[in-house]
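Reader: Please take me through one part of this entry closely, choosing a place where the details can be laid out with care, and then set that part against the rest of the chain.

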Amino acid sequence: MRDDFDSKTKHTLALRVGHRCSNPNCRKSTSGPQEDATGAVNIGVAAHISAASPGGKRYDLRMTSQERKSIDNGIWLCQNCAKLIDSDERRFSGDLLIAWKQTSERAALLAVENSAPLPGSTQDEDIELVRFYSQCFDRPAFQDPFHEEGSMEAFDKAIEDTITAISTGSLRARDGVVLTQSKGKSYISNLQWRERMDVIVDLLRATRSRYSLAVQKGQIHIGPEHEGRRFYHIRDSQVGEWMNSTRSEIIQLFSGLCEEVGIPPLQFPRHYRKSKYW
Ligand SMILES: [Zn+2]
């Protein structure tokens, strides 16, 4: 007997993550219009964290049937990722899936909510911090489409430096010299703003792991250095699309915060034009 989710649970799981796949390395949108103007396509799956029946992945004997079909045991994924998580139980543990689900739900929540104002001076300090983080995003790695990156290593390093700057408050130049010393995101007083920066850092981390996965799998080929220049080849266009859409999501989340605190938002790509990245 399978403990399947009912349709209300499935629907709620999809809504809670804004119909996006919850795998941070994927985040594909799982719904869209059908060609005829009245229909919609759904490529999302409400997957079980602990399997619905004995013998399934991550099956937990101690759970009741009710627990197995409850929303707490579900995660919204695209069809590919739903297959992926059942291919390797050790790699895709229950704890990992729960972490994916939480990040995904937090990102979806932040995309729709505004936060409550704080008393004057605390708010001013927060705004100064956001202004500092805005400076951290002011680099080509957050401005140019992925296929225009001159150096993939520099791109990865720039993302790493940004994570460090937002987490510790030290913004360093490429040679390691501290350019600006501020405070890390744990000093933000406004809980919702801090939460938003946490999600942004999670997405930045996902960007780095997606990049190293792509290099490992040969989806990005890094050629030998020749006269101080290196040749790169993005063999899988999906990697480029993932990088662009994830960065655009990061920039949008951060820009939403900028607008709330009253500083200019960021733009990605740098020069707005109607391109395939939007
Ligand atoms: Zn997916």
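Author: Any close look should begin with pLDDT, the predictor's confidence in each residue on a scale from 0 to 100. The protein chain averages a pLDDT of 88, and 95% of the residues score at least 70. Over residues 272-278, however, the pLDDT is below 50, although this stretch has 11 contacts (heavy atoms within 4.5 Å) in the model beyond near neighbours in sequence. Where pLDDT is low, the predicted coordinates should not be read in detail.

This is a predicted model, in which local features need pLDDT of at least 70 and side-chain atom pairs count only at pLDDT 80 or more, while totals for chains, interfaces and linings use all residues. Residues are numbered from 1 along each chain as its sequence is written, and side-chain values use heavy atoms, with hydrogens and water left out.

The part I would choose is the metal site. The zinc ion is coordinated at 2.3 Å by the SG atoms of Cys21, Cys26, Cys78 and Cys81; donors here are N, O and S atoms within 2.8 Å of the metal, or 3.2 Å for Na, K and Ca, and sites may look incomplete since water is not among the atoms. Along the chain these donors follow the spacing C-x4-C-x51-C-x2-C. Cys21 and Cys78 form a pair that links distant parts of the chain, 57 residues apart, with Cys21 in the loop between helix H1 (7-16) and strand E1 and Cys78 in strand E4 (residues 74-78). Helices (H or I, at least four residues) and strands (E, at least two) are DSSP runs numbered from the N terminus.

The arrangement around the zinc ion is tetrahedral because its four donor atoms subtend angles of 104 to 117°, and four donors count as tetrahedral if all angles lie between 85 and 135 degrees. For comparison, the ideal angle for four tetrahedral donors is 109.5 degrees. Both Cys21 and Cys78 are buried, which means under 20% relative accessible area, where exposed is over 50% and partly exposed lies in between (1.4 Å probe, protein chains only).

The loop between H1 and E1 that holds Cys21 is also the place of His19. This residue has a positive phi of about 55° although it is not a glycine, and with a relative accessible area of 23% His19 is partly exposed. Another positive phi, near 55°, belongs to Arg58, whose place is in the loop between strand E3 (44-48) and helix H2 (65-68); Arg58 counts as buried because its relative accessibility is 7%.

Strand E3 itself contains Ala46, which is buried at 14% relative accessible area. Its C-alpha atom is 6.1 Å from that of Gly74, although the two residues are 28 apart in sequence. Not counting residues up to four places away in sequence, Ala46 touches Phe5, Lys10, Leu13, Ile75 and Trp76. Gly39, in the loop between strand E1 (31-33) and strand E2 (40-42), counts as partly exposed at 21% relative accessibility.

To widen the view, the domain assignment, which is automatic or taken from a database, gives domain 1 (7-112) and domain 2 (120-261). Their C-alpha centres lie 27 Å apart, and the contact takes 10 residues from domain 1 and 13 residues from domain 2.

Further along the chain, Cys258 lies in helix H8 (residues 237-261) and counts as buried at 0% relative accessibility. The C-alpha atoms of Cys258 and Ile127 are separated by 8.6 Å, although these residues are 131 apart along the chain.

Two glutamines in loops complete the picture. Gln143, between helix H5 (120-136) and helix H6 (152-168), is buried at 14%, and its side chain makes a polar contact with the side chain of Asp138 (3.1 Å). Gln219, between helix H7 (191-216) and strand E7 (220-226), counts as buried at 13% relative accessibility, and its side chain makes a polar contact with that of Arg210 (3.4 Å). A polar contact is a pair of N or O atoms within 3.5 Å; within protein, one must be able to donate a hydrogen and the other to accept it, and residues adjacent in sequence count only if both atoms are side-chain atoms.

Terms used
Tetrahedral: all angles 85-135°; square planar, octahedral: opposite > 155°, others 65-115°.
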